[in-house]
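Got a new model open and not sure how to read it? Let's take it one feature at a time.

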Amino acid sequence: MAVLLRPPRRSSSRITALLVRSACVLFLVVVCAASAARRDAVEGNNDTSHHPLTNSTAHKKKPFPVLSFNYDHVRKPFEISLWILLALLMKLGFHIIPTVSTVVPESCLLIFVGLLVGGIIKAIGEEAPILDSKLFFLYLLPPIILDAGYFLPIRAFTENMGTILVFAVVGTLWNAFFIGGMMYGVCQIEGAKLADVDLLSCLLFGSIISAVDPVAVLAVFEEIHINELLHILVFGESLLNDAVTVVLYHLFKEFSHAGTVTVVDAVLGVVCFLVVSLGGVLVGAIYGLLGAFTSRFTSHTRVIEPLFVFLYSYMAYLSAEVFHLSGIMSLIACGVMMRPYVEANISHKSYTTIKYFLKMWSSVSETLIFIFLGVSTVAGPHAWNWTFVVSTVVLCLVSRVLGVIGLTFIINKFRIVKLTKKDQFIVAYGGLRGAIAFSLGFLLTNSEMKQLFLTAIITVIFFTVFVQGMTIRPLVELLAVKRKKENKGSINEEIHTQFLDHLLTGIECICGHYGHHHWKDKLNRFNKAYVKKWLIAGERSTEPQLISFYNKMEMKQAMMLVESGSAAKLPTIVSSVSMQNIQPRGPARRRAIPSISKSREEEIRKILRNNLQKTRQRLRSYSRHDLMLDPFEDLSEVRFRKQRVEMERRMSHYLTVPANRQETPQVRKVCFEPEHQVYTYDDSDSTRGPRSSPPDAVSLLSESPQRPSRRGDGELRAKDEQEELKLSRCLSDPGPKKEEEGDG
Amino acid sequence: MGALQSLPGQPQYADLAEKTGFSYDQIGVLHKRFNQLSHNEETLRRDHFNDIPDLACNPIRSQIIEAFFDRRNFRQNGEGTVDEIGFEQFLVVMSHFKPPSLHITDDQREKIRKEKLRFIFNMHDTDNDGTITLEEYRHVVEELLSLSETLEKNTAKSIADAAMLEVASISMGHMEPDEFYEGITFEHFLKLLAEFEIESRMNIRFLKMDTTTLCK
């Protein structure tokens with residue numbers, strides 16, 4: 001999300017940032033003013049343009065206008081684009097100044113900018129755009145939620161599902177009723193001039209303000225890199241409490257019109273909650289499965305694969321909103337459901353596209369939301385009431401703390417890994433409110449109370465985002481809360497994760513009760529036996545997880561090599577330990593294989609690399625519809641394979657058993673998991689022909705029939721060189737594919 | 001051990017509770033299960049474990065069963081294997097999976113970590129020589145992959161090789177081409193899984209109340 005530019009010197013960069021920002025603001029102001037002026041001018045023009053036609057005989061003919069100004073034509077998209085551009089330039093500006101962005105979270109800066117812009121617009125007398133609820137809920141919120149849901153860490157989420165649900169449901173209910181009730185009490189105080197706020201309105205207000213906001217949580221927690229457990233607790237809660245918020249909001253809204261509440265209504269409310277949440281999840285799951293099923297057939301139209309993911313998810317959200325179900329839960333369910341199967345089916349490029357588009361859209365949305373919040377604050381009519389606002393803020397904090405402590409006490413009885421006091425503090429402190437509360441408040445019917453409520457909501461949002469957002473980072477450091485550990489993607493850890501899973505399942509069986517692991521194991525087996533066959537194309541459906549992880553690791557290392565350029569040493573050999581150190585040695589082998597000097601190795605590697613680079617430059621071509629014919633991707637494959645082959649050769653340097661690369665899985669997968677930061681790679685990307693012949697052009701080198709590796713190493717290298725040159729020759733004249741495959 | 005009566009009597013369980021850290025209720029539940037598995041005999045044998053149907057689809061079943069009969073897991077610094085175990089040994093092995101209590105010092109946490117990792121190490125090191133050799137590690141990976149129908153021997157081998165390479169790189173750093181890495185010792189194993197947080201992962205929930213055991 002951050003674009004880092006390297007400033008030549010700090011002072012000049014600061015000036016640059018300031019200049020950039022002031023330029024944007026000025027430009028915006030000018031345009032707004034211009035649009036106001038031009039609106040009249042254009043209308044005037046439209047009228048006068050008719051006259052020449054009717055009175056052409058009477059008046060002189062006007063000369064043909066060489067240059068004309070018609071702003072009205074493009075007004076709407078122009079302004080939208082300008083806003084987005086402004087927002088992003090602001091974001092850019094913040095990261096140029098390093099000190100500010102480390103102290104103040106981005107969300108605060110963006111709100112501040114919004115305030116500024118709103119102030120300027122108001123000063124020049126224009127009407128500022130407000131964060132329209134429809135705009136927010138239909139266009140700005142879904143990308144953020146989809147991004148969060150698609151990349152949700154499933155393991156952590158399901159392991160803590162119980163805790164998260166308790167916090168989300170019970171916690172939010174507690175918050176809503178406590179705040180609503182206490183606010184009613186406050187309103188009854190003489191002299192606060194709040195006597196006309198009745199109980200139901202207070203409860204409605206409580207339900208709006210009680211929900212932890214996913215956008216704000218994401219914005220702040222993303223920057224502090226807290227450990228996974230706390231992150232998923234707060235974040236999961238913010239996602240799942242949407243159902244509660246939706247139900248409470250509609251419930252109280254209905255009641256405040258009706259005036260009275262009966263027991264039947266309360267029961268209906270509970271039923272409504274179940275319907276809303278489970279219905280939302282169901283809708284999302286259905287769309288997710290549809291999306292997974294569709295992705296099974298996209299092997300010939302790779303270009304539109306990402307669109308399926310986005311559209312199915314968006315449809316899930318909209319469909320849920322049609323029935324007033326929880327759109328957020330639907331979106332999360334869709335992403336979670338779709339992801340494992342889609343990832344197995346789509347190509348590397350599509351995966352990267354999906355990842356980057358999601359990150360991009362969610363980043364833009366978030367930026368816009370915060371800026372609009374700032375602008376709306378300045379724009380909207382306010383009804384400031386000290387008692388109301390201050391007590392709201394205080395009550396929010398108090399209820400959050402009480403809720404977290406109380407619930408943790410109960411939850412810890414059921415958890416294996418208990419939540420410590422530090423954890424509780426962070427969970428309580430991370431209960432940020434955000435734009436959802438504002439938009440819900442905005443949807444209220446226009447009345448005095450609406451302005452009162454909105455003012456209070458905005459104050460709470462500002463308080464949580466500014467005060468809590470800014471202080472959480474030093475607090476985390478002060479309390480020495482565990483940070484997110486860098487996941488190196490160690491294969492040993494993966495082996496042991498799986499080993500541990502099976503071990504614990506086995507022990508549970510021996511103990512004789514159906515525990516957490518037992519059910520997980522059953523689900524996995526069901527998934528493997530039935531679901532994967534339907535939703536994953538080809539041979540991938542039977543690939544065990546350990547093998548796909550291993551392939552991911554290999555490809556990650558290969559890609560690291562490629563990306564870091566030619567001068568990098570192979571990372572596995574950073575410690576100069578190679579396979580020979582591990583393999584048990586026999587006396588006969590030592591004689592047969594002479595060692596190769598390092599300089600010779602370097603020479604050979606350089607030659608290979610140069611050949612690849614030359615062919616790469618010649619073969620660049622572009623086609624909008626036919627990704628499959630893109631030889632650049634082909635060449636990347638060549639490089640990957642080449643590097644991988646080199647690595648494998650180093651690893652199996654002195655093995656007697658020839659590395660049977662034909663037997664290693666042909667079809668692999670590339671995906672980019674942010675948590676693991678690994679790549680895998682899909683060969684099927686390059687296959688144009690029928691799937692039955694998986695070896696592609698690249699496989700020449702590695703899939704060549706078993707080279708008797710008992711030959712001296714020098715010979716081995718020479719032969720590879722020859723093959724390499726042959727390979728580059730084939731690729732230099734891109735003939736029909738059959739030729740390439742058959743060659744070598 | 002002599003015959004243990006299945007009375008929920010406190011005195012019998014007192015020293016067991018002290019040794020293993022389970023509560024009396026938990027010991028009672030586990031004792032019932034022990035009797036059920038051993039068909040009310042005093043000792044458990046390997047074939048008793050084979051009767052458990054759900055265990056049959058577990059890929060590392062044989063290693064789990066072996067772990068119960070491995071003297072190294074009985075916390076008495078023994079070596080070798082036995083053919084049958086009593087309730088006390090059963091309980092001691094189970095106690096490796098007890099979750100750590102909430103308030104423990106860092107030293108205790110480290111101790112618990114070592115214990116659990118030692119358990120896993122013993123499961124890998126089948127020949128009791130104190131190191132996990134490449135062959136043993138390969139066996140582990142093969143077992144893990146044994147459920148999949150498309151098992152290719154060489155894939156398992158290359159995965160194990162890569163893993164071994166990683167261990168060697170982490171533990172040894174720099175090795176001459178002539179040196180030979182014998183195998184993973186326990187210290188290297190600890191270093192390898194330093195980030196693994198095993199004390200919070202290798203736990204199961206032990207019941208305090210006896211629910212009807214459906215997982216026969």
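Here is a short chat about a helix pair and two loop residues in this predicted model.

Q: At what angle do helix 19 of chain A and helix 7 of chain B pack?

A: Start with the two helix axes. Helix 19 (residues 491-511) of chain A and helix 7 (residues 134-145) of chain B pack at about 55 degrees, and their axes are 11 Å apart. Angles of 65 to 115 degrees would count as roughly perpendicular and those under 35 as roughly parallel, so this pair is oblique.

Q: Is the crossing of those two helices left-handed or right-handed?

A: Helix 19 of chain A and helix 7 of chain B cross in a left-handed way.

Q: Which residues meet there?

A: Look at both sides of the contact. Helix 19 of chain A brings A:Asn492, A:Ile495, A:His496, A:Gln498, A:Phe499 and A:His502, while helix 7 of chain B offers B:Tyr137, B:Val140, B:Val141 and B:Leu144. Sorted by class, that contact has six nonpolar residues, four polar ones and no charged ones.

Q: Now the backbone: what is phi of A:His225, and where is that residue found?

A: Check the sign of phi, then the residue type. A:His225 has phi near 50 degrees, which is positive, in a residue other than glycine. You'll find A:His225 in the loop between helix 9 (214-224) and helix 10 (228-258) of chain A.

Q: And what about phi of A:His324?

A: A:His324 isn't a glycine, yet its phi is positive, about 60 degrees. A:His324 lies in the loop between helix 12 (305-322) and helix 13 (327-345) of chain A.

Q: Why does A:His324 count as partly exposed?

A: Partly exposed runs between under 20% (buried) and over 50% (exposed). A:His324 has 45% relative accessibility, so it counts as partly exposed. A:His225, at 43%, also counts as partly exposed.

Methods: Residues numbered from 1 in each chain as written. Chains lettered and ligands numbered in written order. Predicted model: local features only at pLDDT ≥ 70, side-chain atom pairs only at ≥ 80, totals over all residues. Heavy atoms only, no water. Axes fitted to C-alpha atoms, helices over the stretch in contact; angles between N-to-C directions. Helix = DSSP H or I, 4+ residues; strand = E, 2+ residues; numbered from the N terminus. Parallel < 35°, antiparallel > 145°, perpendicular 65-115°, else oblique. Left-handed = near helix turned anticlockwise from the far one by under 90°. Contact = heavy atoms within 4.5 Å. Nonpolar A, V, L, I, M, F, W, Y, C, P; charged D, E, K, R; others polar. Buried < 20%, exposed > 50% of the residue type's maximum accessible area, 1.4 Å probe, protein only.
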